[in-house]
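Let us walk through this model together, starting with its strands and then moving on to its charged side chains. Keep the viewer open as you read.

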Amino acid sequence: MSEHPIADEIINQINSINGWFEAFGHDHVRTSEEAAALRNGYTIAQGAKALIVRAKVRNQGKQFLMLVLPGDTKFDSNKAKQVLDAKDIRFATEAEVAEITEGVKPGGVPPFGNLFNLHVIVDPKLFAQDKIIFNAGRNYSIGMFAADYKKLVKPLVADIT
């Protein structure tokens with residue numbers, strides 16, 4: 001069992017498509033660099049960094065979304081605004097993240113925004129990796145095939161880095 005029910009839900013989804021995964025507990029991490037140091041057999045580029053942002057989308061108002069990118073990259077707010085047709089974008093606050101994710105702390109949010117009713121946008125560089133790995137709670141990681149992730153989440157794929 002994991003530290004947060006969302007990890008169990010992700011594992012159930014992977015199992016539902018007979019997908020491969022590995023999961024393990026580890027010390028608390030908050031950054032991609034810290035996580036990569038604990039994940040033997042994975043590179044920082046395979047880390048799927050999940051960011052919850054609030055965007056002011058034209059003709060749709062303010063909404064929360066999830067941006068997912070490789071752990072060795074940073075999101076480009078101008079590119080994200082263009083993809084979203086947004087005039088403003090900001091990171092969600094820690095309180096907003098906790099409310100949206102039912103208590104998952106920043107640094108532990110998995111890239112399954114669909115489980116939180118969030119629209120998910122993934123940078124295509126992540127899919128250059130065969131396998132990806134991500135936090136599902138601050139002290140728990142799940143590795144899986146990138147193609148299975150894409151099948152389960154059905155994200156919009158767009159250049160946001």
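**Paired strands and linked charges**

Asp123 is buried, with a relative accessible area of 0%; we will come back to this residue once the strands are in place. The model is predicted, so local features need pLDDT of at least 70 and side-chain atom pairs count only at pLDDT 80 or more, while totals for chains, interfaces and linings use all residues. Residues are numbered from 1 along each chain as its sequence is written, and side-chain values use heavy atoms, with hydrogens and water left out.

Start with strand 2 (residues 48-57) and strand 3 (residues 61-70), which run antiparallel and are joined by 10 bridges. Strands here are DSSP runs of E with at least two residues, numbered from the N terminus, and two of them pair if DSSP finds at least two bridges between them. A good place to look is Lys49, which stands opposite Leu69 in strand 3. Three residues separate strand 2 from strand 3 in this hairpin, and in the turn Asn59 has a positive phi of about 65°.

Strand 3 also pairs with strand 5, this time in the parallel sense over four bridges. Here Leu67 stands opposite Ile121 in strand 5.

Now for the charges. Side chains of opposite charge can pair when their charged atoms come close. The structure holds five salt bridges, each defined as a side-chain nitrogen of Lys or Arg within 4 Å of a carboxyl oxygen of Asp or Glu. One of them joins the side chains of Arg90 and Glu96, at 2.9 Å from N to O. Arg90 counts as partly exposed, at 26% relative accessibility; buried means under 20% relative accessible area, exposed over 50%, and partly exposed in between (1.4 Å probe, protein chains only).

Which residues are linked in a network of salt bridges? They are Lys79, Asp123, Lys125 and Asp159. Lys125 forms a salt bridge with Asp123, with the closest N and O atoms 3.5 Å apart. Lys125 is partly exposed at 39%, whereas its partner Asp123 is buried at 0%.

Lys125 also forms a salt bridge with Asp159, where the closest N and O atoms are 3.7 Å apart. Lys125 lies in the loop between strand 5 (119-122) and strand 6 (131-135), and Asp159 in the segment after strand 8 (156-157), so this pair ties together parts that are 34 residues apart in sequence. Asp159 is partly exposed, with a relative accessible area of 37%.
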